[in-house]
Amino acid sequence: MGGKVNLLLVFSLVLTLLRQRTLASEDAGHGLGEQYEWHTLEEGLEISRETGKPLMFIIHKSWCGACRAFKPKFAASAAALELSQHFVMVNAVDDEEPKDTKYEPDGGYIPRILFLDSKGDVRQEIYNKKGKPQYKFFYFDDVSVVESMRQAKDLLAPENTRDEL
């Protein structure tokens, strides 16, 4: 009987570990869509430097009502997903938000979307043209994000990828 109990405990432990690993890998999007290839900021900056691809950086919070309203719109956007292939995609939720003020060009509101060139510089000329001037990097829907993604792709993407869309 003791052998069966031990085997059951080991089996339970293995299943729990596999489930936790699966949940951790599926949670990279934090509600923004698991179909995107998400990276941490550190990974994203390195990949951007190596590939020349611009970086799209979404800063959001789990407790934020505006963030919760925005996330499913972005996650469901076929246009944003298609354009994402031209970017290194990064999102930071809650404590993952960097403390460097360069990621707060006009304030620390959320959600905030920034586009960085392959040198890691925030490109402040790429912002939500349909938004409020005092909150340039605030996005409320996928349509405005897609417009900025197209602008960023045209301005920042490596020459060999600009004409693909």
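**Strand β3 and its surroundings**

Val88, Val90 and Ala92 point to one side of strand β3, and Met89, Asn91 and Val93 point to the other; all are buried. The model is a predicted one. In it, 6 of the 6 residues of β3 (residues 88-93) are buried, so the strand is largely enclosed by the rest of the structure. Buried here means under 20% relative accessible area.

Two pairings involve β3. Strand β1 (residues 38-39) runs parallel to β3 and is joined to it by 2 bridges. His39 has Val90 as its bridge partner in β3. Strand β2 also pairs with β3 in the parallel sense, over 6 bridges. Here His60 is matched with Val93 of β3.

These strands belong to a chain of 165 residues, of which 40% are buried. Its secondary structure comes to 5 helices and 4 strands. From the N terminus on, the order of elements is α-β-α-β-α-α-β-β-α. Among contacts with a separation of 6 or more, 72% link residues 24 or more positions apart.

In soluble globular proteins, nonpolar side chains tend to be buried together. The largest nonpolar core of this model holds 20 residues. Met56, Phe74, Ile113, Phe115, Val145 and Met149 touch the most other members. At least two residues each come from β2 (55-60), α3 (65-75), α4 (78-83), β4 (112-116) and α5 (142-156). Helix α5 gives the most, with 5 residues. Val145 illustrates the packing. Beyond its neighbours within four places in sequence, Val145 is in contact with Met56, Phe70, Phe74, Ile113 and Tyr139. A second core is separate and has 17 residues, including Leu55, Tyr109, Leu114 and Phe137.

The largest pocket brings β1 and β3 together again. Each supplies at least two residues of its lining, as does α2 (41-51). The pocket encloses about 180 Å³ of space. Its lining consists of 14 residues. Nearest the pocket centre lie His39, Thr40, Leu41, Asn91 and Glu96. Of these, His39 is the residue bridged to Val90, and Asn91 is one of the buried residues of β3. By class, the lining divides into 7 nonpolar, 4 polar and 3 charged residues.

Note on methods
Residues are numbered from 1 along each chain as its sequence is written. This is a predicted model: local features need pLDDT of at least 70, side-chain atom pairs count only at pLDDT 80 or more; totals for chains, interfaces and linings use all residues. Side-chain values use heavy atoms; hydrogens and water are left out. A nonpolar core is a set of buried Ala, Val, Leu, Ile, Met, Phe, Trp, Tyr and Cys residues joined through side-chain atoms within 4.5 Å. Buried means under 20% relative accessible area, exposed over 50%, partly exposed in between (1.4 Å probe, protein chains only). Contact means heavy atoms within 4.5 Å. Two strands pair if DSSP finds at least two bridges between them. On a 1 Å grid over the protein atoms alone, a cavity is a set of points where a 1.4 Å probe fits but cannot get out, and a pocket is an open set with protein on both sides within 12 Å along at least five of seven lines; lining residues have an atom within 4 Å of a point. Grid points are joined across faces, edges and corners, and a volume is the space filled by probe spheres set on the points. Ala, Val, Leu, Ile, Met, Phe, Trp, Tyr, Cys and Pro count as nonpolar, Asp, Glu, Lys and Arg as charged, and the others, Gly among them, as polar.
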